[in-house]
Amino acid sequence: MRALADFVYTFSWRLPGRRWRRLLAFAEAEAESALELRCAAAATSDPERAALYLKHAADEARHAEILQRRATLARGSAVSLPRRGHARLFERFGEPVFIAYVHRGERRGRRQFEAHVRFFERRDPALAAALKSILADERRHESYTAELLAGPLADGAPAARRRARRVDLGDRWRRVGSALTGPLFAVLMLLLYVLAAPLALGARGDRAGWRTHD
Amino acid sequence: MAAVLGVSAHYHDAAAALVVDGRIVAAQQEERLSRVKNDPSLPRMAIDACLALGDIEAAALDRVVFYENPYRKLERVMVGSFAAFPRGAGFFRRALRSQLGDKLWVLDQLAAHLGVKRERVSFVDHHQSHAASALDCAPFDDAVALTIDGVGEQESTAIWAPADGGPRRVASIDYPHSLGLFYAAITAYLGFRVNEGEFKVMGLSAYGTSRFDDEVNQLLRVAADGSFRLRTSAFDEHLRPDRAYGDELVQLLGPARESQRPWDLDSGEDRRFADLAASAQRALEEAVLALGRAAHERTGARHLALAGGVALNCSANARLLAEGPFERVFVQPAAGDAGGALGAALLGARSEGDAIDGRFDPALGVAADPDRAMAVARHLGLNADRVDDPEREAAERLAGGAIVAWVRGRSEWGPRALGQRSLLTRGDDVTLRDVLNRRIKGREAFRPFAPVVRDEHASALFEGAPNDMTPAMTTVCRAMDDSLPGCTHVDGTARVQTVGPEGALDGLLRAMEGHGQRALLNTSLNAAGEPLVAHVTDALDFFVRRKPDVLYVEDVRITR
Ligand SMILES: [Fe+2]
Ligand SMILES: [Fe+2]
Ligand SMILES: [Fe+2]
């Protein structure tokens with residue numbers, strides 16, 4: 001089972017030219033979750049949890065930096081993080097669902113990073129060491145979110161976990177869906193563009209100067 | 001008597017604003033709450049924050065107004081992509097996807113988020129929103145508004161006369177002839193991010209000599225009637241929204257700068273880019289001056305109110321006041337598209353029959369909560385204590401060379417920190433400036449810092465200060481001497497903030513006078529590429545990561 005998971009998680013490292021892109025994608029995900037955790041810190045009513053979320057956010061921001069540096073090294077020239085939004089799960093579903101979702105992500109991330117560390121241990125020890133330092137944090141994130149769900153957020157935690165699972169699966173399904181429909185949409189739009197172009201022939205040109213209005 | 005919510009979204013800098021009975025109650029940019037820089041998404045968090053600040057339920061809103069016409073915008077985007085046939089195919093696909101996926105349904109999205117009937121949600125024109133925000137917040141009458149940006153639905157520039165139902169359009173210039181597009185293209189060409197790096201171009205221009213005027217004049221030409229014309233073939237924004245310039249511009253100006261390379265203004269290559277920035281800035285200023293003269297000729301107004309993204313160019317604003325035909329000039333501080341939310345709310349209030357209360361104080365965002373700051377800080381393992389006289393104590397630390405994070409009251413509206421969420425240090429010490437730039441903020445060394453000074457000392461330190469623009473830092477003034485090298489730009493100007501007796505920094509500046517300092521360096525409480533801090537947790541996060549010496553949240557002092 002572990003061998004299969006390892007193979008799945010590490011498959012794309014074997015593809016040529018993909019390494020820096022994949023590292024950058026990891027960096028993006030880390031940066032995104034840092035932003036979301038800062039929002040959670042602002043939103044939670046409990047100051048102790050606010051502090052926990054801020055510490056967690058600082059970890060994720062550091063991970064993003066490490067991975068971005070690694071992506072730059074792998075590519076041989078500087079890469080910058082594209083700027084994206086985040087899912088605003090706290091705002092949409094409330095704190096228990098948000099933490100249940102974060103917990104799922106941390107658990108998955110920890111498993112993946114374990115596979116990556118094993119993969120790079122001999123191939124690229126420096127990268128493996130960097131990933132290992134991240135892994136230690138991910139284990140801590142996994143366990144403190146579990147503690148929150150067992151302790152202060154235990155009220156309704158089972159429902160929150162179920163909801164988080166649905167949200168998570170929904171997200172992944174949407175990603176698959178848009179990967180599948182993207183090309184179809186592109187072809188249809190190209191067709192529409194070519195067909196509709198003659199209709200727009202008389203369209204307004206680039207008229208300069210003042211237009212006056214009375 | 002009505003409660004009206006204004007919203008801007010889906011392009012860049014989404015925001016919400018609440019006007020109740022003609023008075024501006026709250027205004028908040030989404031990025032400050034979502035922590036996503038320039039966040040364009042439907043500003044759900046900002047909307048909820050505004051309603052909470054106004055202590056009003058969504059159901060009690062009489063009207064919700066979106067800042068532009070989404071249908072006319074779609075039309076322009078479609079027609080533009082056909083005009084670029086066949087190269088516009090990719091743009092057409094991307095645009096349709098984002099339009100159909102989100103933008104076209106924004107009025108329904110707003111109704112759904114607020115749980116109000118769809119009939120209560122309406123829209124106004126993009127540039128009229130800008131114009132209303134400028135005219136209604138200006139501290140004077142007998143004014144004309146000038147709105148200048150990249151593009152609204154169709155126009156990029158317009159002149160507006162005040163009228164009862166909201167600003168009346170006098171004359172306008174259509175996209176793609178656009179000063180915003182021109183400056184965006186130069187921004188991208190210099191390797192900065194469009195809609196964000198424009199400030200950097202302005203800062204950089206002071207390091208150059210404008211020896212590329214002939215080339216730039218071929219790109220942007222001012223006509224005798226004050227209008228202007230772009231050489232549109234050099235600006236194919238449709239095809240490359242992240243780039244805005246075309247191959248023709250590269251042929252004219254030479255190869256563009258790659259975005260990741262660190263700046264070295266001693267190198268010939270980067271000097272060339274600084275010189276290009278200088279010529280582009282000069283061309284923009286000339287064009288803005290010509291527009292100002294045209295606005296005066298067409299209306300005879302004595303005063304000018306500005307909005308639109310180009311009005312964030314404080315050097316151009318300074319020239320408008322100094323060389324233009326107006327006695328006074330005001331800029332609505334959130335001049336970019338965030339400010340459209342405020343204008344939309346004001347227009348909605350007028351259409352509900354309310355008279356507008358013109359008093360305007362930019363402290364319109366979420367409030368600081370010192371109790372919470374203290375509790376969270378202690379859980380972070382920081383020292384947090386109440387102090388009797390934070391001003392006196394902070395002044396002592398500042399005099400000793402400390403870098404102080406300062407959080408007070410409701411967060412500021414617009415891109416500048418005005419003392420509500422500020423980083424402060426002495427302005428007379430270039431070492432402190434460099435520490436601030438490199439270690440605390442992590443940004444380019446050529447980015448200038450700004451001074452803050454009380455009204456009564458302003459004229460002794462800066463030419464022409466105070467004026468209608470200095471309270472919100474939307475202009476620059478020449479420094480009288482070189483006593484503030486940490487916050488004066490290389491060209492001898494400074495984007496000075498002046499503070500009246502009610503200002504958030506008045507007490508601190510008074511306390512500084514006891515230490516022989518009449519001004520402080522004031523910069524935004526954020527690191528490079530991050531939105532300005534809003535909530536106290538953001539301030540604590542900044543304090544832990546970037547390590548200024550001390551953080552004051554009202555009367556709570558936080559140290560490590
Ligand atoms: Fe992480
Ligand atoms: Fe993590
Ligand atoms: Fe605009």
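G500(B) is partly exposed at 22% relative accessibility, a class lying between buried (under 20% relative accessible area) and exposed (over 50%), assessed with a 1.4 Å probe and protein chains only. The residue is placed in the loop between β21 (497–499) and α18 (506–513) of chain B, where helices (H or I, at least four residues) and strands (E, at least two) are DSSP runs numbered from the N terminus. G500(B) is separated from E456(B) by 44 residues in sequence, while their C-alpha atoms are 8.4 Å apart in space. The model is predicted, so that local features need pLDDT of at least 70 and side-chain atom pairs count only at pLDDT 80 or more, whereas totals for chains, interfaces and linings use all residues. Residues are numbered from 1 along each chain as its sequence is written, chains are lettered from A and ligands numbered from 1 in the order in which they are written, and side-chain values use heavy atoms, with hydrogens and water left out.

E456(B) also takes part in a network of salt bridges, in which it is linked with R454(B), D506(B), R510(B) and E513(B). A salt bridge is defined here as a side-chain nitrogen of Lys or Arg within 4 Å of a carboxyl oxygen of Asp or Glu. Over all chains, the structure holds 58 salt bridges.

Two further salt bridges of chain B were examined individually. D468(B) pairs with R328(B), with 2.8 Å between the closest N and O atoms. Because D468(B) lies in the loop between α17 (455–461) and β19 (477–478) of chain B and R328(B) in strand β12 (residues 328–331) of chain B, this pair ties together parts that are 140 residues apart in sequence. R328(B) counts as partly exposed, at 31% relative accessibility. The second salt bridge joins E269(B) and R272(B), whose closest N and O atoms are 3.9 Å apart. These partners are three residues apart in helix α11 (residues 268–299) of chain B, and are therefore separated by about one helical turn. E269(B) is partly exposed at 39% relative accessibility, whereas R272(B) is buried, with a relative accessible area of 14%.

In chain A, the side chains of D59(A) and R140(A) form a salt bridge with an N to O distance of 2.8 Å. D59(A) belongs to helix α3 (residues 47–75) of chain A and R140(A) to helix α6 of chain A, so the pair connects parts that are 81 residues apart in sequence. D59(A) is buried at 9% relative accessibility, while R140(A) is partly exposed at 41%.

Chain A also supplies the protein donors of two iron ions. Donors are N, O and S atoms within 2.8 Å of the metal (3.2 Å for Na, K and Ca); water is not among the atoms, so sites may look incomplete. For the iron ion (ligand 1), the protein donors are E30(A), through two OE entries, E60(A) (OE), H63(A) (ND1) and E138(A) (OE), at 2.0 to 2.7 Å. The corresponding sequence spacing is E-x29-E-x2-H-x74-E. Distant parts of the chain are linked at this site, with E30(A) in helix α2 (residues 19–43) of chain A and E138(A) in helix α6 (residues 125–150) of chain A, 108 residues apart. E30(A) and E138(A) are both buried.

The iron ion (ligand 2) is coordinated by E60(A) (OE), E106(A), again through two OE entries, E138(A) (OE) and H141(A) (ND1), at 2.0 to 2.4 Å. Its donors follow the spacing E-x45-E-x31-E-x2-H along the chain. Here E106(A), in helix α5 (residues 95–123) of chain A, and H141(A), in helix α6 of chain A, are 35 residues apart. Both E106(A) and H141(A) are buried. The two iron ions, ligand 1 and ligand 2, lie 3.3 Å apart and are bridged by E60(A).

Two surface patches were also identified. Patches consist of residues with over 30% relative accessible area and no salt bridge, like charges being joined within 9 Å and nonpolar side chains (Val, Leu, Ile, Met, Phe, Trp, Tyr) within 5 Å. Accessible areas come from the Shrake-Rupley method with a 1.4 Å probe, and for residues only the protein chains shown count as cover. A patch of positive charge gathers R92(A), R162(A), R163(A), R166(A) and R44(B); Lys and Arg count as positive and Asp and Glu as negative, without His and the chain ends, and the place of a charge is taken as NZ of Lys, CZ of Arg, CG of Asp or CD of Glu. Helix α7 (residues 157–196) of chain A contributes three residues, the largest share of this patch. R166(A) is located in that helix and counts as exposed at 55% relative accessibility. The nonpolar patch comprises L4(A), F7(A), V8(A), F11(A) and L15(A), together with about 460 Å² of accessible area. F7(A) lies in helix α1 (residues 2–10) of chain A and is partly exposed, with a relative accessible area of 43%.
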